[in-house]
Amino acid sequence: MTVNIQYVGVDVSETLSAFTKEKLEKIFNRYEFLISASVHFKQDEKNHTEGKICNIELSLPGPRIFATSNERNFEVSVRETISDLERQLKKRKQVYKTH
C-alpha cells in the first residue's frame, strides 16, 4: 500500500495523515487489486464555512478512480471522499467478477 499525501496551501498535520492512512488501509485490505493512493488537501479561501477540500485518486488496473469532497473540516471531508470511492470500487469489483 503506497499512500502519497500532499498539503496544498495547508499546514502539514501528522494526525490528519495518520487518520487518512488508517481509513485508506481499510479499503486496501478489502480490495486487493488497489495499487496506490494519492491524497491532496486544499483550503478554499473563498468559502469560509466549508472550504476544506480532500481529493483522493486510487491507482488500480484499468482507469483510475477519483473522488473529492468539500466539507467544514478535513476529517469529515476524508470520510465523505472515501465513502464515494467505496461506492465506485463496489461497481468496479462487480465488473471484475463477471469476467
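In this predicted model, L58 touches L24, L34, S36, A37, R64, I65, L85 and L89, leaving aside residues up to four places away in sequence. L58 also belongs to the largest nonpolar core, which holds 26 residues. Within this core, L58 is one of the residues that touch the most other members, together with L24, L34, V39, F41, I56 and L89. The core draws on β1 (2-8), α1 (14-30), β2 (36-43), β3 (52-59), β4 (65-71) and α2 (74-98), each of which supplies at least two of its residues. In soluble globular proteins, nonpolar side chains tend to be buried together.

The strands may be followed from the N terminus. Along β1 the side chains alternate between two faces. V3, I5 and Y7 point to one face and are buried, whereas T2, N4, Q6 and V8 point to the other and are not buried. β1 pairs with β2 in the parallel sense, over seven bridges. Between the two strands the chain passes through α1, and the resulting β-α-β crossover is left-handed. Two positions locate the pairing of β1 with β2: Q6 has H40 as its bridge partner, and V8 stands opposite K42.

The connecting helix, α1, has 17 residues. From its first C-alpha to its last, α1 reaches 25 Å, close to the 24 Å expected at 1.5 Å a residue. The buried residues of α1 are L16, S17, F19, T20, L24, I27 and F28. An α-helix has 3.6 residues a turn, so residues three or four places apart point the same way. L24, which is buried in α1, is among the residues that L58 touches.

From β2 the description passes to β3. These two strands run antiparallel and are joined by eight bridges, with S36 standing opposite S59 of β3. S36 is also among the contacts of L58. β3 is mostly covered, since six of its eight residues are buried.

β3 also pairs with β4, in the antiparallel sense and over seven bridges. One bridge links N55 to its partner T68 in β4. β3 and β4 form a hairpin with five residues between them, and in the turn G62 has a positive phi of about 90°.

The strand pairings can thus be read in succession: β1 with β2 in parallel, β2 with β3 antiparallel, and β3 with β4 antiparallel. The four strands and the helices α1 and α2 each contribute at least two residues to the core, in which L58 is among the residues touching the most other members.

Key:
Residues numbered from 1 in each chain as written. Predicted model: local features only at pLDDT ≥ 70, side-chain atom pairs only at ≥ 80, totals over all residues. Heavy atoms only, no water. Core = buried A, V, L, I, M, F, W, Y, C linked by side-chain atoms within 4.5 Å. Buried < 20%, exposed > 50% of the residue type's maximum accessible area, 1.4 Å probe, protein only. Contact = heavy atoms within 4.5 Å. Expected span 1.5 Å × (residues − 1). Pairing = 2+ DSSP bridges. Right-handed = clockwise from strand over helix to strand, strands pointing away.
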